[in-house]
Amino acid sequence: QVQLVESGGGLVQAGGSLRLSCAASGGTFSSYGMGWFRQAPGMERRLVASIGYRSTSTYYTDSVKGRFTISRDNAKNTVYLQMDSLNPEDTAVYYCAAKRSGSVNYSSWGQGTQVTVSS
């Protein structure tokens with residue numbers, strides 16, 4: 001199983017930007033599909049964005065389209081989430097996750113990083 005460590009969270013004002021990073025180790029990173037999830041207090045964890053193992057396919061939930069960009073650098077075993085035009089509704093713990101190529105479910109999870117957007 002690949003191990004994942006997120007970084008880059010913090011406190012930002014509405015309209016600001018953050019870039020989250022997720023460093024992977026212990027597996028063949030380039031063979032995993034990667035996703036960013038978020039969980040707000042009292043809410044379910046939901047998929048925000050995902051990227052295929054060759055970066056040829058991406059997905060964004062409607063609420064972040066045009067504001068967030070997911071990317072990966074297989075040479076650095078890292079996936080990123082660039083978040084622009086942040087608003088208070090984006091406040092949540094953000095989790096990085098990995099799934100093996102061809103799998104439906106994400107099998108590896110990071111510990112999460114807090115993103116707080118003040119109004």
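This is a tour of a predicted model, given as a series of selections to make in the viewer.

**Whole chain**

Start with the whole chain in cartoon view. The chain holds zero helices and eleven strands, so the pattern along the sequence reads β-β-β-β-β-β-β-β-β-β-β. The radius of gyration is 13 Å, close to the 14 Å that the globule rule gives for 119 residues, so the chain is as compact as a globular protein of that length. Turn the C-alpha trace along its principal axes, and it spans about 40 × 25 × 25 Å. Colour by accessibility next: buried residues account for 42% of the 119 residues.

**The four-stranded sheet**

Select β1, β3, β8 and β7. These four strands form an open sheet in the order β1-β3-β8-β7, with antiparallel pairing. Which strands stand at the edges? They are β1 (3-7) and β7 (68-73); each has a single partner strand, so one side of each is left without a neighbour in the sheet. Direction ignored, neighbouring strands here are turned against each other by 15° on average. When side chains are switched on, keep in mind that in a regular strand they alternate between the two faces of the sheet.

Now keep only β7 and β8 (residues 78-83). The two run antiparallel and are joined by six bridges. Show D73 and look across to β8, where its bridge partner is T78.

Between these strands, select N77, which is found in the loop between β7 and β8. N77 is not a glycine, yet it has a positive phi of about 55°. Its relative accessible area is 26%, so N77 is partly exposed, the class between 20% and 50%.

**From β4 to β6**

Move to β4 (residues 32-39) and β5 (residues 46-51). Five bridges join these antiparallel strands. Show F37 and find L47, which stands opposite it in β5. Six residues lie between the strands of this hairpin, and among them G42 takes a positive phi near 75°.

Continue along the chain to β6 (residues 58-60). This strand runs antiparallel to β5 and is joined to it by three bridges. Pick S50, and its bridge partner in β6 is Y59. The hairpin of β5 and β6 also has a turn to inspect: six residues lie between the strands, and S55 in the turn has a positive phi of about 60°.

**The largest pocket**

Stay in this region and display the surface. Rolling a probe the size of a water molecule over the atoms shows where empty space is left. The largest pocket holds about 180 Å³ of space. Which residues lie nearest its centre? Select R38, A40, M43, E44 and R46, which have that position among the 13 lining residues. Two elements, β4 and β5, give two or more residues to the lining. The largest share, three residues, comes from β5. Colour the lining by residue class and it divides into five nonpolar, four polar and four charged residues.

**Loops further along**

Select T61 in the loop between β6 and β7. Is T61 buried or partly exposed? Its relative accessibility is 22%, and buried means under 20%, so T61 counts as partly exposed. Draw a distance from the C-alpha atom of T61 to that of G112: the two are 51 residues apart along the chain and separated by 19 Å.

Go on to S85, in the loop between β8 and β9 (92-100). Phi of S85 is near 50°, a positive value in a residue other than glycine. With a relative accessible area of 43%, S85 is partly exposed.

End at V104, in the loop between β9 and β10 (108-109). How is V104 classed, buried or exposed? V104 has a relative accessible area of 69%, and the class of exposed residues starts over 50%, so V104 is exposed. For a last distance, join the C-alpha atoms of V104 and P88. They are 16 residues apart along the chain, and 31 Å separates them.

Terms used: Residues are numbered from 1 along each chain as its sequence is written. This is a predicted model: local features need pLDDT of at least 70, side-chain atom pairs count only at pLDDT 80 or more; totals for chains, interfaces and linings use all residues. Side-chain values use heavy atoms; hydrogens and water are left out. Two strands pair if DSSP finds at least two bridges between them. Axes are lines fitted to C-alpha atoms, for helices over the stretch in contact, and angles run from 0 to 180 degrees between N-to-C directions. On a 1 Å grid over the protein atoms alone, a cavity is a set of points where a 1.4 Å probe fits but cannot get out, and a pocket is an open set with protein on both sides within 12 Å along at least five of seven lines; lining residues have an atom within 4 Å of a point. Grid points are joined across faces, edges and corners, and a volume is the space filled by probe spheres set on the points. Ala, Val, Leu, Ile, Met, Phe, Trp, Tyr, Cys and Pro count as nonpolar, Asp, Glu, Lys and Arg as charged, and the others, Gly among them, as polar. The radius of gyration is taken over C-alpha atoms; the globule rule is 2.2 Å times the number of residues to the power 0.38. Buried means under 20% relative accessible area, exposed over 50%, partly exposed in between (1.4 Å probe, protein chains only).
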